[in-house]
Amino acid sequence: MKHINIKNGYLQLIGIAMYPEHGSDFNTLIRSADTAMYHQKRIAKGNINIYNDSLKLIQEREYLLSQRLASAIEENSLRLVFQPIVDSKTSKVTSFESLLRWQLDGENIFPDEFIAIAEQYGLITELGIWVIEQACIQATKLSHLQPQIAISVNVSVIQVQDPDFVSKVLKIVNLHQVEPKNLHIEITESVFAEDKLTFLTAVKALQKQGFCISIDDFGTGYSSLSSMLDIGVDIVKIDRSFIQNMDKRGLSIIHAIVQMASSLDFTVVAEGVETIEQANTLTKIGVSHL
């Protein structure tokens with residue numbers, strides 16, 4: 001039994017499970033092949049992975065977590081934490097990035113693990129909407145501040161592909177009386193490797209309603225200048241790996257992004273700024289937000 005993942009006409013991943021070693025019925029074999037494929041996706045794309053005993057333990061944990069995650073969404077037992085984004089010149093907070101956290105029976109389940117499980121088990125759309133709603137609730141609590149502080153949320157590829165995504169987001173902001181400009185939608189560069197037309201349609205519809213669009217972890221994915229021009233992004237967030245390596249090639253890349261921002265009229269945010277020295281250097285070269 002093979003589970004094959006094909007995108008844009010190219011074979012990317014194969015997960016293999018064999019009868020009767022890995023299952024005695026069709027559904028079990030499908031789940032086993034699926035587990036092998038998703039595990040390979042996390043390690044390295046473009047390869048084959050065969051189900052084995054170690055993957056069985058992973059499969060059992062993932063299935064358990066998927067059941068508990070579904071309950072956590074329903075019971076509101078997840079939480080958001082907020083990372084400040086500040087103006088590099090004034091040090092004043094201009095927005096917050098919302099980060100999803102989950103503690104289960106005293107164990108902190110890391111987002112890298114439970115987001116992948118949410119995608120694999122069909123929970124990511126529901127989870128994403130929960131995050132947007134909670135972010136809007138927080139934005140409402142900050143609405144009295146002047147100037148107003150925006151909240152940003154990360155959105156997955158699967159959410160963007162949902163034809164009802166834009167209407168769902170609009171419904172939430174209207175319900176909580178949040179101005180669209182105060183909800184920033186963050187999308188990772190991996191979106192560019194998916195259905196570009198669907199993505200562009202959703203982005204343009206969101207921008208038309210007044211939402212700001214951010215490209216997260218810029219420089220680590222698939223984006224190109226042509227894609228940036230097509231989208232007309234509002235904010236580009238430089239991946240923290242470049243900030244941590246400013247003494248090497250990172251600084252040159254940051255310089256180039258700042259120059260692009262000046263020409264293409266988008267805001268630059270540096271992620272993962274942890275020292276005064278980093279902040280001062282980034283400010284001097286023209287990065288507007290940290």
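**Entry 1. K237**

I started with the burial of K237. At 2% relative accessibility, K237 counts as buried, since the cut-off for buried is under 20%. I note here that the model is predicted, and I read every value below with that in mind.

Next I looked up the salt-bridge partners of K237. With E186, the closest N and O atoms lie 2.7 Å apart. K237 sits in strand β10 and E186 in strand β8 (residues 183–188), so this pair ties together parts that are 51 residues apart in sequence. E186 has 1% relative accessibility and therefore counts as buried.

K237 also meets E97 in a salt bridge, N to O at 2.8 Å. This pair links distant parts of the chain, with K237 in β10 (residues 235–238) and E97 in strand β5 (residues 93–104), 140 residues apart. Both K237 and E97 are buried.

Which residues make up the network around K237? I found E97, E186, K237 and E271 linked by salt bridges.

**Entry 2. Another salt bridge**

I asked how many salt bridges there are. The count comes to nine.

I picked out E274 with R240. Their side chains meet at 2.7 Å, N to O. E274 lies in the loop between β11 (267–270) and α11 (276–284), and R240 lies in helix α9 (residues 240–244), so the pair ties together parts that are 34 residues apart in sequence.

Are E274 and R240 buried or exposed? E274 has 55% relative accessibility, so E274 counts as exposed. R240 has 38%, so R240 counts as partly exposed. I set this beside the pair of K237 and E97, where both residues are buried.

**Entry 3. Strands around E97 and E186**

I then followed the strands that carry the two glutamates. β5 holds E97, and β8 holds E186.

Strand β7 (residues 150–155) pairs with both of these strands. β5 and β7 run parallel and are joined by three bridges. β7 and β8 also run parallel, and five bridges join them.

I checked individual partners. S95 stands opposite A150 in β7. E97 has S152 as its bridge partner in β7. N154 is partnered by E186 in β8. So much for the partners; I also checked cover. Of the six residues of β7, five are buried, and the strand is mostly covered.

I kept one general point in mind. In a regular strand the side chains alternate between the two faces of the sheet.

**Entry 4. The other neighbours of β5**

What else pairs with β5? Strand β4 (residues 79–86) runs antiparallel to β5, with eight bridges between them. V81 stands opposite L99 in β5. β4 and β5 form a hairpin with six residues between the strands. In that hairpin, S91 takes a positive phi near 65°.

Strand β6 (residues 107–109) pairs with β5 in the antiparallel sense, over three bridges. Q103 stands opposite N108 in β6. This hairpin has two residues between its strands. D105 in the turn has a positive phi of about 50°.

**Entry 5. The second largest pocket**

I went on to the second largest pocket. About 160 Å³ of space lies in it.

Which residues line this pocket? I listed I85, T94, S95, S152, H184, E186, S214, I235, K237, T267, V269 and H289. E186 and K237 are thus in the lining, and these two form a salt bridge with each other. S95 and S152 are in the lining too. I had already met S95 as the residue opposite A150 and S152 as the bridge partner of E97.

I looked at which elements contribute. β5, β8, β10 and β11 each supply at least two lining residues.

I also sorted the lining by character. Three residues are nonpolar, seven are polar and two are charged.

**Entry 6. H22**

Last, I looked up H22. H22 is placed in the loop between β2 (10–16) and α1 (26–43).

Is H22 buried or exposed? At 15% relative accessibility, H22 counts as buried.

I then checked what H22 touches, not counting residues up to four places away in sequence. The contacts are A17, T28, L29, S32, I50 and Y51.

Conventions
Residues numbered from 1 in each chain as written. Predicted model: local features only at pLDDT ≥ 70, side-chain atom pairs only at ≥ 80, totals over all residues. Heavy atoms only, no water. Salt bridge = Lys/Arg side-chain N within 4 Å of Asp/Glu carboxyl O. Helix = DSSP H or I, 4+ residues; strand = E, 2+ residues; numbered from the N terminus. Buried < 20%, exposed > 50% of the residue type's maximum accessible area, 1.4 Å probe, protein only. Pairing = 2+ DSSP bridges. Contact = heavy atoms within 4.5 Å. 1 Å grid on protein atoms, 1.4 Å probe; cavity = no way out; pocket = protein on both sides within 12 Å on 5 of 7 lines; lining within 4 Å. Points joined across faces, edges and corners; volume = space filled by probe spheres on them. Nonpolar A, V, L, I, M, F, W, Y, C, P; charged D, E, K, R; others polar.
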